[in-house]
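Me: I've got a chain open on my screen and I'd like to go through the labels people put on its residues. Can you tell me what backs each one up?

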Amino acid sequence: MNSVQGLLAASVISIQNSCFFYPACQNCFSRLLLDSRRFNCLKCGCTGEAKDASYRYRLSLKIADTNDLFDITVFGSCLDPFFGVTAENLQRYIQDFNRLAGETNTDSSTRALVQAVETCFIGKRFLFGV
């Protein structure tokens, strides 16, 4: 699954969603179901305390090379250098920021993050392993 079949030089046209990281199962990388106290992986059955959940990057992009448009999703730690931190640390920073700011509505921090990601990626050319 991690083998690169080819390389694609393309420019990012748009960011497809505003969810850049997700709670991920340590065993199979599937999205975890979280409640206030526990997490559960529907794929492999892994469970644990919500505070121990790990996070993983997931960046969905629309990209274009000279001929075609593509929808592509980039996962995992290859995005750490772009964000400057691991997905787990970014999630923790946002959570701490919202808590310290007394934010019950996380729209403002989400908007700021989306704007930063758009500035970093849109219009830039990258080499994608597909």
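Me: Leaving aside neighbours within four places in sequence, which residues is F128 in contact with?

Reply: Keep in mind that this is a predicted model. F128 is in contact with G6, L7, L8, A10, V12, L61, I63, I72 and V74, once neighbours within four places in sequence are set aside.

Me: What makes F128 stand out in the largest nonpolar core?

Reply: F128 is listed with F20 and L61 as having the most contacts inside that core, which has 29 residues. Two or more core residues come from each of β1 (7-15), β6 (54-64), β7 (69-75), α2 (87-100), α3 (107-121) and β8 (125-129). The biggest giver is β6, with five residues.

Me: Why is Y22 called buried or exposed?

Reply: The cut-off for buried is under 20% relative accessible area. Y22 has 4%, so it counts as buried. You'll find Y22 in strand β2.

Me: Which residues does Y22 contact, leaving aside its neighbours within four places in sequence?

Reply: Y22 is in contact with F29, S30, R31, S54, Y55, R56, Y57, R58 and F75. If you want a distance to check on screen, the C-alpha atoms of Y22 and V85 are 15 Å apart, with their positions 63 residues apart in sequence.

Me: And S30, why is that one called buried or exposed?

Reply: S30 comes in at 17% relative accessibility, and buried means under 20%, so S30 counts as buried. S30 sits in the loop between β2 (21-24) and β3 (33-34). Not counting residues up to four places away in sequence, S30 touches Y22, P23, A24, C25, C41 and K43.

Me: What about F29: why does it get the label it has for accessibility?

Reply: F29 is at 43% relative accessibility. Buried needs under 20% and exposed needs over 50%, with partly exposed in between. That's why F29 is called partly exposed. F29 is also in the loop between β2 and β3.

Me: What makes the phi of F29 worth a look?

Reply: F29 has a positive phi of about 65 degrees, although it is not a glycine. Most residues other than glycine have a negative phi.

Me: Why is Q115 called buried or exposed?

Reply: Exposed takes over 50%, and Q115 is at 53% relative accessibility, so Q115 counts as exposed. Q115 belongs to helix α3. Its C-alpha atom is 9.6 Å from that of S18, although the two residues are 97 apart along the chain.

Me: How do the burial and contact numbers look for the chain as a whole?

Reply: Of its 130 residues, 34% count as buried. Take the contacts between residues at least 6 apart in sequence: 59% of those join residues at least 24 apart. The chain exposes about 8400 Å², and carbon and sulfur atoms supply 52% of that.

Me: How many helices and strands are there, and in what order do the elements run?

Reply: There are three helices and eight strands. Starting at the N terminus, the order is β-β-β-β-β-β-β-α-α-α-β.

Me: What does UniProt list for residues 9-95?

Reply: The UniProt record, an unreviewed entry, lists "domain: Replication factor A C-terminal" there. Over residues 9-95 the chain is 15% helix and 43% strand, and the end C-alpha atoms are 35 Å apart.

Note on methods: Residues numbered from 1 in each chain as written. Predicted model: local features only at pLDDT ≥ 70, side-chain atom pairs only at ≥ 80, totals over all residues. Heavy atoms only, no water. UniProt positions renumbered as here; feature names shortened; annotations may be inferred. Helix = DSSP H or I, 4+ residues; strand = E, 2+ residues; numbered from the N terminus. Core = buried A, V, L, I, M, F, W, Y, C linked by side-chain atoms within 4.5 Å. Buried < 20%, exposed > 50% of the residue type's maximum accessible area, 1.4 Å probe, protein only. Contact = heavy atoms within 4.5 Å. Areas by Shrake-Rupley, 256 points an atom, 1.4 Å probe, with all protein chains shown as cover.
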